[in-house]
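Visitor: I am new to this structure and would be grateful for a close look at a single part of it, the largest pocket. Please then place that part within its surroundings.

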There are 2 protein chains.
Amino acid sequence: MPIHHDDPATLRQACRTGAFDRSTAGHAPGRIQANLAILPQADAFDFLLFCQRNPQACPLVEVLAAGAREALAAPGSDIATDLPGYRVYRDGQLAEERTDVAALWRTDLVAFLIGCSFSFESALQDAGIALRHLQLGRNVAMYRTDVACTPAGRFAGEMVVSMRPIRSRDVARVVEICARFPNAHGVPVHVGNPQALGIADLARPDYGDAVEILADEVPVFWGCGVTAQWVAQRSAVPLCITHAPGKMFVTDLKG
Amino acid sequence: MPIHHDDPATLRQACRTGAFDRSTAGHAPGRIQANLAILPQADAFDFLLFCQRNPQACPLVEVLAAGAREALAAPGSDIATDLPGYRVYRDGQLAEERTDVAALWRTDLVAFLIGCSFSFESALQDAGIALRHLQLGRNVAMYRTDVACTPAGRFAGEMVVSMRPIRSRDVARVVEICARFPNAHGVPVHVGNPQALGIADLARPDYGDAVEILADEVPVFWGCGVTAQWVAQRSAVPLCITHAPGKMFVTDLKG
């Protein structure tokens with residue numbers, strides 16, 4: 001049986017030594033997990049501005065100083081080794097997947113920690129609202145929309161959203177709960193009509209896995225941190241390092 | 001009798017021609033007004049990060065691209081001419097006060113619009129909560145605290161707060177209303193005890209005018225946009241241009 005880690009520092013240490021290399025979903029319950037994007041200083045102002053202008057897709061949990069590897073939100077951490085997996089994009093193309101990026105580190109790299117939906121998903125489950133993808137052990141369904149983000153410098157692109165089927169009678173309560181998590185995408189960006197976002201077919205997500213929508217449910221859409229990766233990729237920055245899917249940076253912060 | 005401007009574009013135009021050179025308080029009711037800080041691109045990443053790390057003092061309404069003078073929040077505007085007055089700091093010292101800064105403009109300048117308390121003050125008054133400094137026609141009382149902001153690069157310093165006396169029975173309602181305005185400092189940073197913030201004497205504010213606190217009132221403290229100016233000044237950046245006190249940038253945004 002795989003080891004389960006409740007303590008965020010222990011989990012990060014296990015990532016560092018290579019003992020843990022799976023998804024962080026469900027580990028360190030109650031702690032804020034974050035999407036990672038690392039860019040050279042030359043692109044950091046525009047990327048920070050992009051995040052600031054698009055907070056529902058890219059809520060900033062923390063931005064580290066240039067060259068810094070220890071997050072304030074995780075004392076003792078090393079951003080270059082403490083995730084279970086990394087992806088390296090060069091000129092917008094996926095170049096390699098690695099278990100650490102210490103060998104690629106440079107003093108001009110800036111790490112961005114972007115909020116992730118794990119925080120509000122726990123709160124929804126605690127409130128008795130079932131989430132189908134978790135029940136089925138799948139990744140959440142994600143779609144590229146035709147909604148343009150507010151651009152900043154070289155960074156521009158469409159918002160990526162995640163979708164969860166919610167029973168009609170629970171929609172208002174779901175919005176109320178998610179409003180407490182502005183650093184984890186906050187309230188939904190849209191309720192009910194995939195066509196309004198330019199999504200042609202919910203059965204064919206661009207990332208993650210599709211789930212069924214039952215007769216008494218509506219599809220509810222949230223801004224998704226994958227937007228940051230998509231936009232960095234689309235704008236073909238020379239270098240962008242991200243987490244591998246599902247392999248988040250686990251902070252000490254309580255959600 | 002002085003002209004009163006309800007329309008934000010008309011007010012900005014009057015600033016541009018020099019026809020309006022007074023405080024913007026009470027003009028263009030319901031529109032978001034903003035503190036201004038303009039810095040060279042070389043310092044812009046660190047300053048943007050400082051604001052992002054200290055959102056109660058420095059909530060970002062908008063950051064313009066390097067060299068840009070037209071704010072998205074105010075189509076047709078010119079950030080270099082459309083405020084009633086500007087202050088120019090060089091190496092941390094006040095160098096001059098001007099009615100426009102078009103002659104100083106450079107393509108590497110980045111303008112930051114930082115939320116201002118005028119938005120939540122209107123909402124409090126609409127809810128029947130009297131604000132003494134407005135009744136007396138004074139500036140709000142502001143104090144430098146001993147609370148350190150989270151630093152970012154060269155930018156570090158203590159938080160500046162504004163203080164308003166609030167009747168005990170209204171404090172919870174005031175917090176509830178202000179929570180709706182995260183871009184205008186949001187909820188108070190402290191209620192009740194000036195000593196806890198390192199404020200020795202409420203009768204001697206560092207900026208603005210003192211007001212009396214009555215027996216059934218408590219002093220309530222909010223993060224203040226003057227923090228940005230204080231920190232830019234204290235860190236002795238080569239150039240920082242700000243609005244002159246009370247002479248804000250009036251956007252088209254509704255609060």
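**The largest pocket and its surroundings**

Guide: In this predicted model, the largest pocket has a volume of about 1400 Å³. Its lining is made up of 41 residues. Those nearest the centre of the pocket are A:Pro55, A:Pro182, A:Asn183, B:Pro55 and B:Asn183. Four elements give two or more residues each to this lining: α2 (41–53) and β2 (60–63) of chain A, and α2 (41–53) and β2 (60–63) of chain B. Of the elements, β2(A) gives the most, with 4 residues. Sorted by class, the lining holds 25 nonpolar residues, 12 polar ones and 4 charged ones.

The surroundings may begin with chain A as a whole. Chain A contains 6 helices and 11 strands. Its C-alpha atoms occupy a box of roughly 50 × 45 × 30 Å along the principal axes. The radius of gyration of chain A is 17 Å, which agrees with the value near 18 Å for a compact globule of 255 residues. Of these 255 residues, 54% count as buried. Among the contacts in chain A with a separation of 6 or more, 76% are between residues 24 or more positions apart. Chain A exposes about 10500 Å², and carbon and sulfur atoms supply 50% of that area.

Helix α2 of chain A, already met at the pocket, also leads to another helix. The buried residues of α6(A) pack against α2 of chain A, and likewise against β3 (86–90), β5 (109–115), β6, β7 (158–167) and β10 (239–243) of that chain. Helix α6 of chain A spans residues 226–234, and because 7 of its 9 residues are buried, it is largely enclosed by the rest of the structure. The buried residues are A:Val226, A:Thr227, A:Ala228, A:Gln229, A:Trp230, A:Val231 and A:Ala232. After α6(A) comes A:Ala236, with a positive phi near 50°.

Strand β6 of chain A, one of the elements packed against by α6(A), in turn borders a loop. A:Arg138 lies in this loop, between α4 (132–135) and β6 (141–148) of chain A. A:Arg138 has 37% relative accessibility and therefore counts as partly exposed. Apart from neighbours within four places in sequence, A:Arg138 is in contact with A:His133, A:Asp209, A:Ala210 and A:Val211. A:Arg138 and A:Ala156 are 18 residues apart in sequence, and their C-alpha atoms are 29 Å apart in space.

Chain B offers several further residues to examine. B:Arg132 belongs to helix α4 (residues 132–135) of chain B. The relative accessibility of B:Arg132 is 16%, so this residue counts as buried, the limit being under 20%. Apart from neighbours within four places in sequence, the contacts of B:Arg132 are B:Pro165, B:Val211, B:Glu212, B:Ile213, B:Leu214 and B:Glu217.

Two loop residues of chain B may be taken last. B:His185 is located in the loop between α5 (171–178) and β8 (190–191) of chain B. B:His185 is buried, with a relative accessible area of 4%, and has a positive phi of about 80° although it is not a glycine. B:Asp91, in the loop between β3 (86–90) and β4 (93–98) of chain B, is not a glycine either, yet has a positive phi of about 50°.

Notes: Residues numbered from 1 in each chain as written. Chains lettered and ligands numbered in written order. Predicted model: local features only at pLDDT ≥ 70, side-chain atom pairs only at ≥ 80, totals over all residues. Heavy atoms only, no water. 1 Å grid on protein atoms, 1.4 Å probe; cavity = no way out; pocket = protein on both sides within 12 Å on 5 of 7 lines; lining within 4 Å. Points joined across faces, edges and corners; volume = space filled by probe spheres on them. Nonpolar A, V, L, I, M, F, W, Y, C, P; charged D, E, K, R; others polar. Rg over C-alpha atoms; globule rule 2.2 N^0.38 Å. Buried < 20%, exposed > 50% of the residue type's maximum accessible area, 1.4 Å probe, protein only. Contact = heavy atoms within 4.5 Å. Areas by Shrake-Rupley, 256 points an atom, 1.4 Å probe, with all protein chains shown as cover.
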